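Good morning, colleagues. Please take a moment with the sequence and the coordinates on the screen before I walk through the chain.

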Amino acid sequence: MSRSSVTVGPDGLQRAVQKILEELPKDADEAIDKATETVAEKAIDELKATSPIRKGKGGTPGAYAAGWTKKKQKGQTIIHNKTNYQLTHLLEYGHEVVIHGKATGKSTKAQPHIKQVEEMVQKEYPEEFEKELKKLL
């Protein structure tokens, strides 16, 4: 939406307001996109910083944490683990230990790291959108 000054007489006020309202949805979409991009990047950074890192032998240490990324799909931005998506639920909630297809009767400890980021996104997204929208007005 342009920020140029316009002088409007009483009869032109309705047309001027209508024009502003017609421009707003396009700009609001831009504010949504910017807010989404900002919050998604922050969420990815937080996931990379707080994700569990493999210790011991087998696998590359930090591969899971480094795998967090985003993609756009059907108008949505999806944050996912590109390299080790199979581990997200297992690490977040813990799981039973199975060796060679046999249950051992032991369980791993849950390592919550996704839920806290989800809560951060739910809190910060509306704030970020409002901030972007105010820039347009």
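Helices and strands here are DSSP runs, with at least four residues for a helix of type H or I and at least two for a strand, numbered from the N terminus. On that basis, this predicted model has four helices and four strands. Their order along the sequence is α-α-β-β-α-β-β-α.

Some totals first. The chain has 137 residues, of which 21% count as buried. Its exposed surface comes to about 10,200 Å², and carbon and sulfur atoms contribute 55% of that area. Among contacts with a separation of 6 or more, 48% link residues that are 24 or more positions apart.

I turn now to the interior. Which residues make up the largest nonpolar core? There are eight: Ala43, Ile44, Leu47, Tyr64, Trp68, Leu91, Val117 and Met120. Helices α1, residues 13–50, and α4, residues 115–136, each provide at least two of them. The largest share, three residues, belongs to α1. One core member, isoleucine 44, touches Trp68, Thr69, Lys70 and Ile79, leaving aside residues up to four places away in sequence.

Two other core members deserve a closer look. Tyrosine 64 and tryptophan 68 are both buried. The structure holds one aromatic pair. That pair is formed by tyrosine 64 and tryptophan 68, with ring centres 5.7 Å apart; their planes meet at 75°, above the 60 degrees required, and the pair is therefore edge-to-face.

Next, the hairpins. Strand β1, residues 68–73, pairs with β2 in the antiparallel sense through six bridges. Within this pairing, threonine 69 lies opposite histidine 80 of β2. The hairpin of β1 and β2 has two residues between its strands, and lysine 74 adopts a positive phi near 50° there.

The other hairpin is built from β3, residues 96–99, and β4, residues 102–107, which run antiparallel and are joined by three bridges. Here valine 98 faces alanine 103 in β4. This hairpin of β3 and β4 also has two residues between the strands, and histidine 100 takes a positive phi near 50°.

Let me return to β2, which spans residues 76–81 and contains asparagine 81. Is asparagine 81 buried or exposed? Its relative accessibility is 2%, and because the limit for a buried residue is under 20%, asparagine 81 counts as buried. The side chain of asparagine 81 makes a polar contact of 3.2 Å with the side chain of threonine 83. Setting aside residues up to four places away in sequence, asparagine 81 touches Tyr64, Gly67, Trp68 and Thr88. Tyr64 and Trp68, the residues of the aromatic pair, are thus among the contacts of asparagine 81.

Finally, I would draw attention to alanine 31, which is found in helix α1. Alanine 31 has a relative accessible area of 2% and is buried. What does alanine 31 touch, not counting residues up to four places away in sequence? The residues concerned are Phe129, Glu132, Leu133 and Leu136. With phenylalanine 129, the sequence separation is 98 residues, while the C-alpha to C-alpha distance from alanine 31 is 6.2 Å.

To close, I would leave you with two points. The largest nonpolar core takes its largest share of residues from α1, and the aromatic pair of tyrosine 64 and tryptophan 68 is edge-to-face. I welcome your comments.

Methods
Residues are numbered from 1 along each chain as its sequence is written. This is a predicted model: local features need pLDDT of at least 70, side-chain atom pairs count only at pLDDT 80 or more; totals for chains, interfaces and linings use all residues. Side-chain values use heavy atoms; hydrogens and water are left out. A nonpolar core is a set of buried Ala, Val, Leu, Ile, Met, Phe, Trp, Tyr and Cys residues joined through side-chain atoms within 4.5 Å. Buried means under 20% relative accessible area, exposed over 50%, partly exposed in between (1.4 Å probe, protein chains only). Contact means heavy atoms within 4.5 Å. Accessible areas come from the Shrake-Rupley method with a 1.4 Å probe; for residues, only the protein chains shown count as cover. A polar contact is a pair of N or O atoms within 3.5 Å; within protein, one must be able to donate a hydrogen and the other to accept it, and residues adjacent in sequence count only if both atoms are side-chain atoms. Rings of Phe, Tyr and Trp (its six-membered ring) pair if their centres lie within 6.5 Å; planes under 30 degrees apart count as stacked, over 60 as edge-to-face and the rest as tilted. Two strands pair if DSSP finds at least two bridges between them.
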